[in-house]
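Okay, thanks everyone, I'll keep this short. Let me put the structure up, and then we can walk through it together.

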Amino acid sequence: MQREREPAAATPSVLARVLMAAVHCYRAVLAPLLPSSCRFEPSCSTYALQVLARYGAFCGTVLAARRLSRCRPTGPRGLDPVPDPAPQRAPVPYGLLRPARQRRRITL
């Protein structure tokens with residue numbers, strides 16, 4: 001019996017890899033100098049690496065920025081995993097689209 005293989009993850013774009021390198025530099029240079037203050041699990045830098053790898057440069061940056069905006073002293077804390085991608089909807093064939101409703105004319 002053969003096991004079903006999971007599909008391989010897509011390789012991140014060049015821009016996503018550049019952003020991931022910036023996060024790695026932050027972790028190597030600045031993070032040791034700053035006190036640990038992340039309120040979420042996984043840490044914000046780990047979260048940024050995961051969303052950049054999964055969603056690419058644009059969506060990954062938006063999700064990482066949204067996560068960083070929630071990381072404040074009065075904000076929530078706890079487990080905040082990377083969201084799963086939304087399932088893609090199948091395209092609707094043109095013939096099945098509903099025609100637009102026509103307005104009724106009111107005559108006086």
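So, which residues form a nonpolar patch on the surface? That would be Tyr26, Val29, Leu30, Leu33 and Leu34, and together they have about 500 Å² of accessible area. Before going on, keep in mind that what you see is a predicted model.

Let me pick one member of that patch, Tyr26. Tyr26 sits in helix 1, which covers residues 14-30. Its relative accessible area is 36%, so Tyr26 counts as partly exposed, given that this class lies between 20% and 50%.

Now let's zoom out. Going from the N terminus, the elements are ordered α-β-α-α-β, so to speak in shorthand, and that comes to 3 helices and 2 strands. The chain has 108 residues, and 21% of them count as buried. As for the surface, about 9,900 Å² is exposed, with 59% of that supplied by carbon and sulfur atoms.

For those of you who like contact maps: take the contacts between residues at least 6 apart in sequence, and 71% of them join residues at least 24 apart.

One more local detail, over in helix 3, residues 57-70, where you'll find Ser69. Is Ser69 buried, exposed or partly exposed? With a relative accessibility of 47%, Ser69 is partly exposed, because exposed would take over 50%. And what does the side chain of Ser69 reach? The backbone oxygen of Arg66, at 2.7 Å.

That's my tour, thanks.

Terms used. Residues numbered from 1 in each chain as written. Predicted model: local features only at pLDDT ≥ 70, side-chain atom pairs only at ≥ 80, totals over all residues. Heavy atoms only, no water. Patch = residues over 30% accessible without salt bridge, like charges linked within 9 Å, V, L, I, M, F, W, Y side chains within 5 Å. Areas by Shrake-Rupley, 256 points an atom, 1.4 Å probe, with all protein chains shown as cover. Salt bridge = Lys/Arg side-chain N within 4 Å of Asp/Glu carboxyl O. Helix = DSSP H or I, 4+ residues; strand = E, 2+ residues; numbered from the N terminus. Buried < 20%, exposed > 50% of the residue type's maximum accessible area, 1.4 Å probe, protein only. Polar contact = N/O pair within 3.5 Å; in protein donor to acceptor, adjacent residues only side chain to side chain. Contact = heavy atoms within 4.5 Å.
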